[in-house]
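Here is a quick tour of a few local features worth pulling up in your viewer. Have the sequence and the coordinates open as you read.

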Amino acid sequence: MRVAKKHSGGIVEGDMTPMIDMAFQLIAFFTVMINFSQSEQNARIQLPKSELAKPPDAPMEYPITIHLTKEGTAILGGEEVFLEGLRPYLVRESDLLALQGRPQSEATVIVRAHKDARTGDVQKLIEVCQKNNFEKFALRAEERID
Amino acid sequence: MKVRHQKPTQEIKLDMTPMIDIVFQLLTFFIMTFKLVTAEGDFNIKMPLAAPREGAIDDQLVPPIKVRLQAGSGGELTGIGMNQRTLGSFQQLHEEILGLVGTDSPAGAEGAEVELDCDYNLRYQYVIEAITAVSGYRDDATGQIVKLVEKIKFAPPKNPPS
């Protein structure tokens, strides 16, 4: 039987340059696209869609974001509470505003309600906020792109 | 002058492994945390708690346009009304509002106000559709939003169905 002679062993190195180039391009893409404002969002909330929902030109001065689930509970600052139990959280927000020397009328309550939430619950949420002297509301919707 | 003899050039090899490790870790982090975020916008509503009116009622005050949204037992929309009239769709509501407070209307959009009167268990998406219909439209030619009614409020909430 003929035995093939082995060549003397040498290190075979692939060219890594294209792979490193691609990896850096991907990192650059993700770095640019990363969104740090996701703290305002909640995975349980599917917003209703509207063609007129445009992102605001300027950020709000003092936004308070309240999520409303389709079960009728509110999520504020990561804590889920029943609408009836929302008052202490709103009082806390009011105190924070008072510490900054701002009137409550400057604050905007952003209502991020689930599209299948009951309208009565949304109204109840607004009513609880009104009773705590908040008067500016923003009903948030997702931009519909046709 | 003494001339130094140069040593034969030697190829310097950099160890790329740590850098590639870090690059892939960063890449993994970004891929895991990446989330496509759709654009969101707001409909602004100013609703202070109703205070008792002092003095005489202003005759010049334009009453709000009342939009009624009725819901079925499952929260689906069963009827749309405007000032006691029944309408067939949100498109019709939009056309009615356009006729009332359109750009060439003397009343104008500034003084107009819409009051939404909704059933308790109506799904919220229909409210947003109604607000979209009354608050404006997107001009096809320019892509800009033309505003109609900016003052929107809710009627006092109804009781939940038993």
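## A ring cluster across the chains

Let's start with A:Phe30, which counts as buried because its relative accessibility is 10%, under the 20% cut-off. Keep in mind that this is a predicted model.

Who does A:Phe30 pair with, and how are the rings set? Its partner is B:Phe34: the ring centres sit 5.2 Å apart and the planes make an angle of 75°, so this is an edge-to-face pair. The pair runs between chains, with A:Phe30 in helix H1 of chain A and B:Phe34 in the loop between H1 and E1 of chain B.

Over all chains, there are five aromatic pairs. Another one joins A:Phe29 to B:Phe34, and this one is tilted, with 6.1 Å from centre to centre and 50° between the planes. It also crosses between chains, from helix H1 (residues 17–33) of chain A to the loop that links helix H1 (17–33) and strand E1 (40–46) in chain B. Both of these residues are partly exposed: A:Phe29 has a relative accessible area of 41%, and B:Phe34 has 29%. Put together, A:Phe29, A:Phe30, B:Phe29, B:Phe30 and B:Phe34 make up one aromatic cluster.

## Helix H3 of chain A

Next up is helix H3 of chain A, covering residues 119–131. Does its length come out as expected or not? With 13 residues at 1.5 Å each, the expected span is 18 Å, and the end C-alpha atoms are indeed 18 Å apart, so the two agree. (The expected span uses one less than the number of residues.)

Ten of the 13 residues in H3(A) are buried, which means the helix is largely enclosed by the rest of the structure. Among them are the polar A:Thr119, A:Asp121, A:Gln123 and A:Gln130, along with A:Val122, A:Leu125, A:Ile126 and A:Val128. After the helix comes A:Asn133, with a positive phi near 70°.

## The loop before it

A:His114 is in the loop that connects strand E5 (107–113) to H3 in chain A. Its relative accessible area is 5%, so it is buried. Which residues does A:His114 touch, leaving out those up to four places away in sequence? From its own chain the list has A:Arg44, A:Ile45, A:Gln46, A:Leu68, A:Thr69 and A:Lys70, and from the other chain there is B:Tyr124.

## B:Ser135 and its surroundings

Over in chain B, B:Ser135 belongs to helix H3 (residues 124–135). At 11% relative accessibility, B:Ser135 counts as buried. A polar atom of its side chain lies 2.6 Å from the backbone oxygen of B:Ile131.

Leaving out residues up to four places away in sequence, B:Ser135 touches B:Phe43, B:Val146, B:Lys147, B:Leu148, B:Val149 and B:Ile152, plus A:Leu52 from the other chain.

## The largest pocket

Two of those contacts of B:Ser135, A:Leu52 and B:Lys147, turn up again here. The largest pocket has a volume of about 710 Å³. Its lining takes in 22 residues, and those nearest the centre are A:Leu52, A:Lys54, B:Asp42, B:Asn44 and B:Lys147.

Which element supplies the largest share of that lining? E1(B) does, with three residues. In chain B, at least two lining residues come from each of E1, H3 and strand E7 (145–147).

Technical notes:
Residues numbered from 1 in each chain as written. Chains lettered and ligands numbered in written order. Predicted model: local features only at pLDDT ≥ 70, side-chain atom pairs only at ≥ 80, totals over all residues. Heavy atoms only, no water. Helix = DSSP H or I, 4+ residues; strand = E, 2+ residues; numbered from the N terminus. Buried < 20%, exposed > 50% of the residue type's maximum accessible area, 1.4 Å probe, protein only. Phe/Tyr/Trp six-rings, centres within 6.5 Å; stacked < 30°, edge-to-face > 60°. Polar contact = N/O pair within 3.5 Å; in protein donor to acceptor, adjacent residues only side chain to side chain. Contact = heavy atoms within 4.5 Å. 1 Å grid on protein atoms, 1.4 Å probe; cavity = no way out; pocket = protein on both sides within 12 Å on 5 of 7 lines; lining within 4 Å. Points joined across faces, edges and corners; volume = space filled by probe spheres on them.
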